Amino acid sequence: MKATTIAVAAMFIAIIVGVGWILAMVPNVEFITAVTFTAGACLGILKGTFIGIIGIFIFSATNPVGSGLAFPLLLLAQMVSLGLVGAAGGLIAWLPDKRLATRSGRLSLAVAGLLLTAIYDGLTSVTFPLFAGA
């Protein structure tokens, strides 16, 4: 990888962690997913996946509300989910710009966001009770 690509990836990871920390105390508000999706769209599928996994790991491990290291399955579910979000951003970037400017293009982005949110919520909602023994 080029040094500039590494620097941009590091900046995206820093933004993910920073945005997570800033909004940690605000209920039901998070921009980590949006930043991860944008990273994938800017840098491609593999780098977006990497950024999502590393970004959520660092944020979750250092979360001021409670460290994700205490719940390894939940942390793994978060990492898998955000990796998928980064990959989806890379996939969406393959679409021509004109396609995204149409009504159907915007609808596809909305559906992608809904599906990725459902995957994230589903994985994290299932893993926490498994770890807690419920």
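Start by selecting Asn-28, which sits in the loop between H1 and H2. Before going on, keep in mind that this is a predicted model. Color Asn-28 by accessibility and you'll find this residue exposed, with a relative accessible area of 84%. Check its backbone too: Asn-28 is not a glycine, yet its phi is positive, at about 60°.

**Stop two: helix H1**

Now step back along the chain and select residues 3-22, which make up helix H1. The end C-alpha atoms of H1 are 28 Å apart, and 28 Å is what its 20 residues should span at 1.5 Å a residue, so the two agree.

Next, highlight Thr-5, Ala-9, Phe-12, Ile-13, Ile-16, Val-17 and Gly-20, the buried residues of H1. Turn the view so you look down the axis: these residues cover an arc of only 130°, which puts them on the same side of H1. The spacing has a simple background: an α-helix has 3.6 residues a turn, so residues three or four places apart point the same way. What do the buried residues of H1 pack against? Show H2 and H3, and you have the partners. Then swing round to the other side of H1, where Ala-3, Thr-4 and Ile-22 are exposed.

**Stop three: Thr-36 in helix H2**

Select Thr-36, and you are in helix H2. Is Thr-36 buried or exposed? Its relative accessible area is 0%, so Thr-36 is buried. To see what surrounds this residue, hide everything up to four places away in sequence; the residues that Thr-36 touches are then Ile-16, Gly-48, Gly-52, Leu-82, Val-85 and Gly-86. You have already met Ile-16 as one of the buried residues of H1, and Gly-48 and Gly-52 come up again at the next stop as buried residues of H3.

**Stop four: helix H3**

Select residues 45-61 to bring up helix H3. H3 has 17 residues and reaches 24 Å from its first C-alpha to its last, close to the 24 Å expected at 1.5 Å a residue. Pick out its buried residues: Gly-48, Ile-51, Gly-52, Gly-55, Ile-56, Phe-59 and Ser-60. Look down the axis once more, and they fall within an arc of 135°, so they line one face of the helix. Switch the other helices back on to see what covers these buried residues, including H1, H2 and H4.

**Stop five: the loop after H3**

Move on to Ser-67, in the loop between H3 and H4. At 29% relative accessibility, Ser-67 counts as partly exposed. Leaving aside neighbours within four places in sequence, Ser-67 is in contact with Ser-60 and Ala-61. Draw a distance from the C-alpha of Ser-67 to that of Phe-128: they are 61 residues apart along the chain and separated by 13 Å.

**Stop six: the largest pocket**

Time to look at the largest pocket, with a volume of about 550 Å³. Of the 24 residues that line this pocket, select the closest to its centre: Glu-30, Phe-59, Asn-63, Gln-78 and Tyr-120. Helices H1, H2, H3 and H4 each give two or more residues to the lining. Color the lining by type and you get 14 nonpolar residues, nine polar and one charged.

**Last stop: Ser-104**

Finish in helix H6, residues 103-132, by selecting Ser-104. At 43% relative accessibility, Ser-104 counts as partly exposed. Add Lys-2 for a last distance: Ser-104 and Lys-2 are 102 residues apart in sequence, and their C-alpha atoms are 36 Å apart in space.

Definitions and conventions. Residues are numbered from 1 along each chain as its sequence is written. This is a predicted model: local features need pLDDT of at least 70, side-chain atom pairs count only at pLDDT 80 or more; totals for chains, interfaces and linings use all residues. Side-chain values use heavy atoms; hydrogens and water are left out. On a 1 Å grid over the protein atoms alone, a cavity is a set of points where a 1.4 Å probe fits but cannot get out, and a pocket is an open set with protein on both sides within 12 Å along at least five of seven lines; lining residues have an atom within 4 Å of a point. Grid points are joined across faces, edges and corners, and a volume is the space filled by probe spheres set on the points. Helices (H or I, at least four residues) and strands (E, at least two) are DSSP runs, numbered from the N terminus. Ala, Val, Leu, Ile, Met, Phe, Trp, Tyr, Cys and Pro count as nonpolar, Asp, Glu, Lys and Arg as charged, and the others, Gly among them, as polar. The expected span of a helix is 1.5 Å times one less than its number of residues. Buried means under 20% relative accessible area, exposed over 50%, partly exposed in between (1.4 Å probe, protein chains only). The arc is that of the directions from the helix axis to the C-beta atoms. Contact means heavy atoms within 4.5 Å.
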